[in-house]
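Take a look at the structure below. The paragraphs after it walk through one pocket, one sheet and a few single residues.

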Amino acid sequence: MDGPYIRVEDSGLMMPLQEDVTTIGRGRSVDVHLADPSVSRLHAEIVRRGPYAYVSDLGLSRNGTRVNGRLVARRVLEDGDVLSFGSARCRVFGLAAEELAAEVELRRPAAPELTRRELDVVTSLCRPALSDEAFVAPATAREIAADLVVTEAAVKQHLLRLYQKFRIPEGANRRVRLANEVVALGLVRPLPPSEKAGLVARDGRGTRAAWAPAAPASPPASPPVAPTVPAPAPPAPAEVAVSRPAGRTA
């Protein structure tokens, strides 16, 4: 096939990328139709700019978009990249092979300033999505509250402020769109291997980090105490015989 194209892994279907925008989803009017329940009706789009192409998640699906296993909001594509829309996998071919210089990469908007508690909230929000699972939804307000040991109402207030700071418009799957934006800006990163070992299943919704407390240090051993040896008892006083004068009786 001449020019860039996308191949659906399950069916082997190959579709050429449009000159400008190629829409992908479960709906009937998209360019690349994926009959998978984990894919939204309008899930993502691939945009071509000259010899380059990038994928953009539209934030309308709770399952997100991944490139080579990493959750993304937007990313420049390279020939042979594996795209995951929910659990549906595709690959792109026919893109120009070129080492992209730093100035060619898509510019990302500056990240807004966050308070320490807001950073804790977005970290807890994105933690499930940064695990090794195929796809998983961001944490709910209730799960974030349990993770941070705060009230659910407090978490919802923080989320409302975060939606404003990141300019996430109202609508469905607002948490997913916020998580996508946070990951795209690099505010949270995948868990290191030492922490991935602590991941545990929770409520059948993917994985959450299990922060196991460190084992308390053993108290220092007390120095050995020498056994107490009782002092020897003093010798009993010797009995003294008293002589009595002769001829006298007691």
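What volume does the second largest pocket have? The answer is about 180 Å³. Keep in mind that this is a predicted model.

Start with the walls of this pocket. From the earlier part of the chain, the lining includes S56, D57, L58 and G59, along with A73 and R74. From further along come R167, I168 and P169, and then R177, N180 and E181. Two elements each give two or more residues to this lining: β6, covering 52–57, and α4, covering 174–184. The largest share comes from α4, with three residues. What is the chemical mix? Five lining residues are charged, four are nonpolar and three are polar.

Strand β6 deserves a second look. Y52 sits in this strand. Is Y52 buried, partly exposed or exposed? Its relative accessibility is 28%, so Y52 counts as partly exposed, falling between the 20% limit for buried and the 50% limit for exposed. Y52 and E78 are 26 residues apart along the chain. Their C-alpha atoms are separated by 8.4 Å.

Now turn to the sheet. Strands of a sheet pair through backbone hydrogen bonds, and the pairing can be parallel or antiparallel. Here, six strands make an open sheet with antiparallel pairing. Read across it, and the order is β2-β1-β11-β10-β7-β8. Why do β2 and β8 each have one side without a neighbour in the sheet? Both stand at the edges, β2 at 14–16 and β8 at 70–72, and each has a single partner strand, so one side is left free of a neighbour. On average, neighbouring strands of this sheet are turned by 30 degrees against each other, direction ignored.

Follow the order from the β2 edge. β2 pairs with β1, which spans residues 5–8, through three bridges in the antiparallel sense. Within this pair, M14 of β2 stands opposite R7. On to the next pair. β1 is joined to β11, residues 88–93, by four bridges, and these two strands run antiparallel. Y5 has F93 of β11 as its bridge partner.

One more step leads to β10, which holds residues 82–85. Four bridges join β10 to β11, again in an antiparallel arrangement. Here L83 is bridged to C90 in β11. How many residues lie between β10 and β11 in their hairpin? There are two. One residue in the turn, G86, has a positive phi of about 65 degrees.

Two further residues show side chains in polar contacts. Take H43 to begin with. H43 lies in the loop between β4, at 32–33, and β5, at 44–49. Is H43 buried or exposed? H43 counts as buried because its relative accessibility is 0%, and the cut-off for buried is under 20%. The side chain of H43 makes a polar contact of 3.4 Å with the side chain of T65.

Then comes T22, in strand β3, which covers residues 21–25. T22 has a relative accessible area of 1%, so T22 is buried as well. The contact of T22 reaches a backbone atom. A polar atom of the T22 side chain lies 2.7 Å from the backbone nitrogen of Q18.

Technical notes
Residues numbered from 1 in each chain as written. Predicted model: local features only at pLDDT ≥ 70, side-chain atom pairs only at ≥ 80, totals over all residues. Heavy atoms only, no water. 1 Å grid on protein atoms, 1.4 Å probe; cavity = no way out; pocket = protein on both sides within 12 Å on 5 of 7 lines; lining within 4 Å. Points joined across faces, edges and corners; volume = space filled by probe spheres on them. Nonpolar A, V, L, I, M, F, W, Y, C, P; charged D, E, K, R; others polar. Pairing = 2+ DSSP bridges. Axes fitted to C-alpha atoms, helices over the stretch in contact; angles between N-to-C directions. Buried < 20%, exposed > 50% of the residue type's maximum accessible area, 1.4 Å probe, protein only. Polar contact = N/O pair within 3.5 Å; in protein donor to acceptor, adjacent residues only side chain to side chain.
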